[in-house]
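Reader: Please take me closely through one part of this model, the side-chain contacts that hold its strands and loops together. Short sentences will do.

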Amino acid sequence: MGTLNRELNMYDPAQTTWKLTPENKWVLFRNEVSNPLLSALAKDKENKNKDTKDFVYYSKKISEENSSTRQKTPIFTPLGWGETQEYKEGGIISVKVGEETVDIARSEVSFVISVQITIIGDDNVREIKTSIPTCLNSESLFSFLEGLVNDDKLSAIRVVLKGKEVARGTESLQAIGIEPDSHLHVLYSTAKPRVAKRFPDSSTGWGYSSSVDAISFKPDKDIRLVGFGIYTSDQGECLSVIAELYKGNSDEGTPLIRRALTVYRDDSYKDGKVYRFLFGRQIICRKNEQMTVVLRTENGRSYHGINGNSGVNEDDVTFAFSGVEITDNGTSTNNGQLPELYFYKM
């Protein structure tokens with residue numbers, strides 16, 4: 001303490017100050033502009049203020065540049081449904097409501113709508129209070145509600161609003177008649193998925209060494225894909241694989257499904273030869289839309305299909321299968337991996 005007092009006495013208290021350094025240490029400085037550290041601190045503060053001004057200007061500039069090109073989005077306002085037109089300074093949004101364009105504070109509009117949903121299944125009823133994004137159309141609304149149902153055995157879903165059934169399509173939530181606190185009834189049923197089988201027979205000895213097996217398919221009707229089959233080891237061991245699903249006839253882009261799996265023998269299904277990989281959700285596949293299933297396997301060996309068909313009909317849905325260039329392990333329409341698709345009709 002005596003040392004500290006002696007150090008304090010060396011300076012006029014009115015001309016000294018304690019400051020915390022960047023190293024988190026308290027140091028006594030003379031309170032003079034000529035002090036190098038104080039000068040640096042003042043300069044740093046000036047630069048920070050300048051940086052902040054530049055950032056605000058830059059943000060304002062970007063906002064002004066983007067306001068005219070932003071996508072016009074459905075939005076709910078105190079005046080009812082509207083469509084965003086322009087984002088202005090001061091938290092103001094220009095919104096078209098009916099035939100009139102008005103400026104409304106951002107705090108008074110909403111990009112979600114709170115609704116009450118009654119989910120009615122085969123043997124249960126659930127009540128849910130949730131918020132629905134205002135940008136949805138009736139098709140994406142069905143996908144949203146299927147996610148709330150959260151049942152991988154879902155086979156059919158119906159949506160009822162004010163006693164009227166809602167149809168899948170491109171209608172907006174406004175056109176459907178949804179408003180805050182609307183009450184939707186979601187009725188669904190479950191069933192085992194249908195199985196489209198590529199091969200009538202199988203054999204052994206399909207080997208792997210950092211291999212890629214893939215097959216493309218197109219259904220002739222809209223379906224909900226819920227999984228696909230993978231041949232298991234013919235030696236009783238587990239196979240470590242990466243299973244993927246893509247739109248199109250290659251593995252380009254972001255996969256719709258990508259999962260690291262341990263493929264094991266399940267004697268309760270197909271004598272243990274096929275492992276059923278279920279996504280846990282449904283992927284909508286449109287009529288004549290090409291999809292590609294990809295399997296990446298490091299090592300081991302498995303069963304494989306033989307005498308395959310390029311066209312398979314199941315439950316009045318015909319699947320057209322075709323080979324994929326990325327395959328480097330021999331899988332084709334005639335033989336190889338990926339024997340089954342699991343799906344529901346729309």
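**Salt bridges, rings and cores**

Author: The count comes to 16 salt bridges in this structure, which is a predicted model. One of them joins the side chains of Asp-181 and Lys-129, at 3.3 Å from N to O. The two partners come from distant parts of the chain, 52 residues apart. Asp-181 sits in the loop between helix H4 (173-176) and strand E11 (183-190). Lys-129 belongs to strand E8 (residues 125-133). Both residues are exposed.

A second bridge pairs Glu-314 with Arg-194, with 3.9 Å between the closest N and O atoms. Glu-314 is in strand E19 (residues 311-314) and Arg-194 in strand E12 (residues 194-197), so this bridge ties together parts 120 residues apart in sequence. Glu-314 has 22% relative accessibility and counts as partly exposed. Arg-194 is partly exposed too, at 38%.

A third bridge runs between Arg-258 and Glu-244, whose closest N and O atoms are 2.8 Å apart. Arg-258 lies in strand E16 (residues 257-263), and Glu-244 lies in strand E15 (residues 239-247). They are 14 residues apart, and the pair is again a link between distant parts of the chain. The two ends of the bridge have opposite surroundings. Arg-258 has 51% relative accessibility, over the 50% cut-off, so Arg-258 counts as exposed. Glu-244 has 2%, under the 20% cut-off, so Glu-244 counts as buried. Bridges with shared partners also build a network from Glu-139, Glu-146, Arg-168, Asp-222 and Arg-286.

Now the rings. The whole structure holds 10 aromatic pairs. In one of them, Phe-228 and Phe-279 meet edge-to-face, with centres 5.9 Å apart and planes at 70°. Phe-228 is part of strand E14 (residues 223-231) and Phe-279 part of strand E17 (residues 274-285), so the pair ties together parts 51 residues apart in sequence. Both of these residues are buried. Elsewhere, one aromatic cluster takes in Phe-217, Phe-319, Phe-321 and Phe-343. Phe-321 also has a charged partner: Arg-198 lies over the face of its ring, 5.6 Å from the ring centre.

Phe-228 and Phe-319 appear again in the largest nonpolar core. This core has 31 residues. Leu-225, Phe-228, Ile-230, Phe-277, Phe-319 and Leu-341 touch the most other members. Several strands each supply two or more residues: strand E13 (201-219), E14, E15, E16, E17, strand E18 (291-306), strand E20 (317-322) and strand E21 (340-345). E17 gives the most, with five residues. In soluble globular proteins, nonpolar side chains tend to be buried together.

Phe-319 shows what such a core member touches. Beyond its neighbours within four places in sequence, Phe-319 contacts Ala-196, Phe-217, Lys-218, Pro-219, Ile-223, Ser-310, Gly-311, Val-312, Leu-341 and Phe-343. Two of these names, Phe-217 and Phe-343, belong to the aromatic cluster. Leu-341 is among the core residues that touch the most other members. Apart from this core lies another, of 24 residues, including Ile-119, Phe-142, Ile-157 and Val-186.

Next, the loops. Gln-337 is in the loop between E20 and E21. Its relative accessibility is 0%, so Gln-337 counts as buried. The side chain of Gln-337 makes a polar contact of 2.9 Å with the side chain of Tyr-208. Residues up to four places away aside, Gln-337 touches Arg-198, Phe-199, Trp-206, Tyr-208, Asp-213, Ile-230, Tyr-231, Leu-295, Ser-302 and Thr-331. Arg-198 in that list is the residue over the Phe-321 ring.

Glu-289 is in another loop, between E17 and E18. The C-alpha atoms of Glu-289 and Lys-221 are separated by 9.2 Å, while the two residues are 68 apart along the chain. With residues up to four places away left out, Glu-289 touches Phe-217, Lys-218, Pro-219, Lys-247 and Ile-284. Phe-217, Lys-218 and Pro-219 are also contacts of Phe-319.

Finally, the whole chain. The protein has four helices and 21 strands. Of its 346 residues, 37% are buried. Among contacts between residues at least 6 apart in sequence, 70% join residues at least 24 apart.

Definitions and conventions
Residues are numbered from 1 along each chain as its sequence is written. This is a predicted model: local features need pLDDT of at least 70, side-chain atom pairs count only at pLDDT 80 or more; totals for chains, interfaces and linings use all residues. Side-chain values use heavy atoms; hydrogens and water are left out. A salt bridge is a side-chain nitrogen of Lys or Arg within 4 Å of a carboxyl oxygen of Asp or Glu. Buried means under 20% relative accessible area, exposed over 50%, partly exposed in between (1.4 Å probe, protein chains only). Rings of Phe, Tyr and Trp (its six-membered ring) pair if their centres lie within 6.5 Å; planes under 30 degrees apart count as stacked, over 60 as edge-to-face and the rest as tilted. A charge sits over a ring if NZ of Lys or CZ of Arg is within 6 Å of the ring centre and within 35 degrees of the ring normal. A nonpolar core is a set of buried Ala, Val, Leu, Ile, Met, Phe, Trp, Tyr and Cys residues joined through side-chain atoms within 4.5 Å. Contact means heavy atoms within 4.5 Å. A polar contact is a pair of N or O atoms within 3.5 Å; within protein, one must be able to donate a hydrogen and the other to accept it, and residues adjacent in sequence count only if both atoms are side-chain atoms.
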